[in-house]
Amino acid sequence: MGILRKTKNLETILDIFRQSNEALSANLLFERLHERMNRSTVYRLLERLEDDGILHSFASMDNVKFYALRQDCISSGDVHSHPHFQCTSCNQVVCLEQEVVFPTLNRMRIEEAQIFLKGQCNSCLSQ
Ligand SMILES: [Zn+2]
Ligand SMILES: [Zn+2]
């Protein structure tokens, strides 16, 4: 982890992530900032937060890069990954808490895994 200088912009971005509980793309984040920051600052800060392990990123099925706060994983040395979910009605993307642990493969080493699920979120289902 690098040494993270807490700037006001950085705190603003983190607050948006903390309050929303969703994963956000740079564009979505930019919209929520209501032009309080320019686009290149948003990209730069997202990258820095990811480098510092505060955010993690993943790609949606349409290859949009999303960022979300990193949760504490129960690290056991095995490759594990939490799935990501996108609602096809409201488009909201969230991290799922369930962790998936991958089996050890013969003569192969998994370094990364990604599971992306699509469907209906709770609030869209109950409408
Ligand atoms: Zn939904
Ligand atoms: Zn996630």
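## A zinc site to start with

The zinc ion (ligand 1) sits in a tetrahedral site, where the angles among its 4 donor atoms run from 106 to 112°. Please keep in mind as you explore that this is a predicted model.

Which residues hold the zinc ion (ligand 1) as protein donors? They are C87, C90, C121 and C124, each through its SG atom, at 2.2 to 2.3 Å from the ion. Along the sequence, these donor residues follow the spacing C-x2-C-x30-C-x2-C.

## Two of the cysteines up close

Is C87 buried or exposed? C87 is buried, because its relative accessible area is 0% and the cut-off for buried is under 20%. C90 has a relative accessible area of 37%, so C90 counts as partly exposed; that class lies between the buried limit of 20% and the exposed limit of 50%.

## The chain around the site

Stepping back to the whole fold, you will find 4 helices and 8 strands in the protein chain. Following the sequence from its start, the order of these elements is α-β-α-α-β-β-β-β-β-β-β-α. A helix therefore comes at each end of this pattern, with a run of strands before the final helix.

## Inside and outside

How much of the protein chain is buried? Of its 127 residues, 35% are buried. The surface that the protein chain exposes comes to about 8,600 Å², and carbon and sulfur atoms supply 47% of that area.

Contacts tell another part of the story. Among contacts in the protein chain with a separation of 6 or more, 51% are between residues 24 or more positions apart.

How values were computed: Residues numbered from 1 in each chain as written. Chains lettered and ligands numbered in written order. Predicted model: local features only at pLDDT ≥ 70, side-chain atom pairs only at ≥ 80, totals over all residues. Heavy atoms only, no water. Helix = DSSP H or I, 4+ residues; strand = E, 2+ residues; numbered from the N terminus. Buried < 20%, exposed > 50% of the residue type's maximum accessible area, 1.4 Å probe, protein only. Contact = heavy atoms within 4.5 Å. Areas by Shrake-Rupley, 256 points an atom, 1.4 Å probe, with all protein chains shown as cover. Donors = N, O, S within 2.8 Å, 3.2 Å for Na, K, Ca; no water. Tetrahedral: all angles 85-135°; square planar, octahedral: opposite > 155°, others 65-115°.
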